[in-house]
Number of protein chains: 2
Amino acid sequence: MLTKKKKRWDDIPGCSLEAALNVIGGKWKGVFLFHLLDGTMRFNELSRLAQGASPRLIVKQLRELEEDGLVNRKVYAVVPPKVEYSLTEEGHSLHNILHALSEWGDLWVDNHPVEPVTKP
Amino acid sequence: MLTKKKKRWDDIPGCSLEAALNVIGGKWKGVFLFHLLDGTMRFNELSRLAQGASPRLIVKQLRELEEDGLVNRKVYAVVPPKVEYSLTEEGHSLHNILHALSEWGDLWVDNHPVEPVTKP
DNA sequence: CAGTATCCCGGATGATACTG
DNA sequence: CAGTATCATCCGGGATACTG
């Protein structure tokens, strides 16, 4: 019998670049990974980063990052609950890429001012 | 009066990293950009890279890349039609990032073998 | 060759409410 | 605090056919 887990990158088109983007490209994944570079964070802190996102989505993104081996989830058996998220070694291996993306995005945003443009 | 163009990164959460991922994160954008690093390509060549994608999607991705200033589209007034796509300077500025992503993706895929796993 | 034009679906995301 | 549960929605993307 086969257990075939549905992976988001099942459809790898032979291109590892696609795989990479699938792993870090989720809605808030970049932001989470980037901020986790600085240390562990709790669920609430991450929530605050993802302004306006519902807990559901946040959990989903974090679970996927966990499944993909980029993030650790440590649950403390206390009440009220406490859960800490941190990067795995593999997660930290994204350090350079995440910073590069951030810097590139910075420049790009500068060079591509968001319209509106006032029209006479 | 204001003209407000709907941008895919309208919802920038203050994080330039998100912006970057939104720009290069489309289904085939990474692949297209990566291969365009090596030179200009025609529509058909790009289509072949995106195995199984419908022309509609391909056009859409290319148009977005064009709008975002990463890709040039040069139309030759000949018949049969000939259109060449190439990277702008801004597109080329992604060189390092694209290669880094590709390499990282390579490693990651190696370390995360796709199931299925045979179960006794 | 390099696209358009339609129709359509499913997964990704949102909103709201509830709980161990 | 850190989530689940449920319902609703949106739109990225697929399939197919047609054209200058």
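A polar contact is a pair of N or O atoms within 3.5 Å; within protein, one atom must be able to donate a hydrogen and the other to accept it, and residues adjacent in sequence count only if both atoms are side-chain atoms. In this predicted model, local features need pLDDT of at least 70 and side-chain atom pairs count only at pLDDT 80 or more, whereas totals for chains, interfaces and linings use all residues. Residues are numbered from 1 along each chain as its sequence is written, chains are lettered from A and ligands numbered from 1 in the order in which they are written, and side-chain values use heavy atoms, with hydrogens and water left out.

DNA strand C is surrounded by 20 residues, a residue being near a strand if one of its heavy atoms lies within 4 Å of it. The closest are Arg56(A), Leu57(A), Arg42(B), Arg73(B) and Tyr85(B). Of the strand C atoms within 4 Å of the protein, 68% belong to sugar and phosphate. Polar backbone atoms of Val83(B) and Asn44(B) approach phosphate oxygens of strand C, Val83(B) at 3.4 Å and Asn44(B) at 3.2 Å. A base oxygen is also reached: an N or O atom in the side chain of Arg56(A) lies 2.6 Å from it. At least two residues each come from α4 (55-67) of chain A and from α3 (43-49), α4 (55-67) and β4 (82-87) of chain B. Helices (H or I, at least four residues) and strands (E, at least two) are DSSP runs, numbered from the N terminus.

DNA strand D also has 20 surrounding residues, the closest being Arg42(A), Arg73(A), Tyr85(A), Arg56(B) and Leu57(B). Phosphate oxygens of strand D lie 2.8 Å from a polar side-chain atom of Arg42(A) and 2.6 Å from one of Arg73(A). For Asn44(A), a polar backbone atom is 3.1 Å from a phosphate oxygen.

The two protein chains meet through helices. The axes of α6 (residues 95-111) of chain A and α1 (residues 16-24) of chain B come within 7 Å and cross at roughly 85 degrees. Axes are lines fitted to C-alpha atoms, for helices over the stretch in contact, with angles from 0 to 180 degrees between N-to-C directions. The two helices are therefore roughly perpendicular (65 to 115 degrees). Trp104(A) and Trp108(A) are among the α6(A) residues in this contact, and Leu17(B) and Ile24(B) are among those of α1(B); contact means heavy atoms within 4.5 Å.

The peptide bond from Val79(A) to Pro80(A) is cis, with omega near 5 degrees. Pro80(A) sits in the loop between β3 (71-76) and β4 (82-87) of chain A.

Key
Parallel < 35°, antiparallel > 145°, perpendicular 65-115°, else oblique.
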